[in-house]
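Reader: Before I plan anything around this protein, could you walk me through the model with me? I would like to start with charged pairs and then move on to the packing.

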Amino acid sequence: MPEPEVHPLITAISPLIERLDAELVVPEEARDDDVPLLWEGEPLVAVRLPVKASEGGVSSLLAEVADELGGPLNTLSRGQKQQAVLMLEARGAFEYRKSAEIVAEALGVTRFTVYNYLNRARD
């Protein structure tokens, strides 16, 4: 039985993916922090970059929480966003530099809102 044909884009980027120590992921399994690659307007594959301690830590935690809550963080209800912030705090997300800004952007809220969610939980 012949091997399945590999898309030319995948063949072209494979050396780069290997050099970056990244991996290719089918679009259905892509997380929020994966990079989707489109071909003729359709998702062909996603690139999962390795987590770097300095910048990927928060992104990785955001992806985990999004997976657990069942969807992109910016589409969650207000209550779910509050829950996401608490989950991120419990996992140490706010120990990273500029984490409140990163979390706020992912949730589609302001940094002030993120701090409000944290303060309400502490009261």
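Reader: Which kind of link do the side chains of Arg 91 and Glu 68 meet in?

Author: The side chains of Arg 91 and Glu 68 meet in a salt bridge, with 2.9 Å from N to O, where a salt bridge is a side-chain nitrogen of Lys or Arg within 4 Å of a carboxyl oxygen of Asp or Glu. Arg 91 lies in the loop between H3 and H4 while Glu 68 belongs to helix H2, so this pair ties together parts that are 23 residues apart in sequence. Helices here are DSSP runs of H or I with at least four residues, strands are runs of E with at least two, and both are numbered from the N terminus.

Reader: And what should I keep in mind about the model itself?

Author: This is a predicted model, in which local features need pLDDT of at least 70 and side-chain atom pairs count only at pLDDT 80 or more, while totals for chains, interfaces and linings use all residues. Residues are numbered from 1 along each chain as its sequence is written, and side-chain values use heavy atoms, with hydrogens and water left out.

Reader: Back to the charges, then: which residues are linked in a network with Arg 91?

Author: Glu 64 and Glu 68 are linked with Arg 91 in a network of salt bridges. The side chains of Arg 91 and Glu 64 meet at 3.4 Å, N to O, and that pair spans 27 residues, with Glu 64 in helix H2 (residues 56-69).

Reader: How exposed or buried is Glu 68?

Author: Glu 68 counts as partly exposed, because its relative accessibility is 49%; buried means under 20% relative accessible area, exposed over 50%, and partly exposed in between, with a 1.4 Å probe and protein chains only. Arg 91 is also partly exposed, at 30%, and Glu 64 is partly exposed at 35%.

Reader: How many salt bridges are there by that rule, and where does Arg 48 come in?

Author: The count comes to 4 salt bridges. One of them joins the side chains of Arg 48 and Asp 34, at 2.8 Å from N to O, with Arg 48 in strand S3 (residues 42-48) and Asp 34 in the loop between strand S1 (23-25) and strand S2 (35-39). Arg 48 and Asp 34 are both buried.

Reader: In which sense do S2 and S3 pair?

Author: S2 and S3 pair in the antiparallel sense over 5 bridges, pairing being called when DSSP finds at least two bridges between two strands. They form a hairpin with 2 residues between them, and Glu 40 in the turn has a positive phi of about 55 degrees.

Reader: Switching to packing, which residues of H4 are buried?

Author: The buried residues of H4 are Ser 99, Ala 100, Val 103, Ala 104 and Leu 107. They cover an arc of only 130 degrees around the axis, which puts them on the same side of H4; the arc is that of the directions from the helix axis to the C-beta atoms.

Reader: How many residues does the largest nonpolar core have?

Author: The largest nonpolar core has 19 residues, and those with the most contacts inside it include Val 103 and Leu 107. Such a core is a set of buried Ala, Val, Leu, Ile, Met, Phe, Trp, Tyr and Cys residues joined through side-chain atoms within 4.5 Å. Its largest share, 6 residues, comes from H2.
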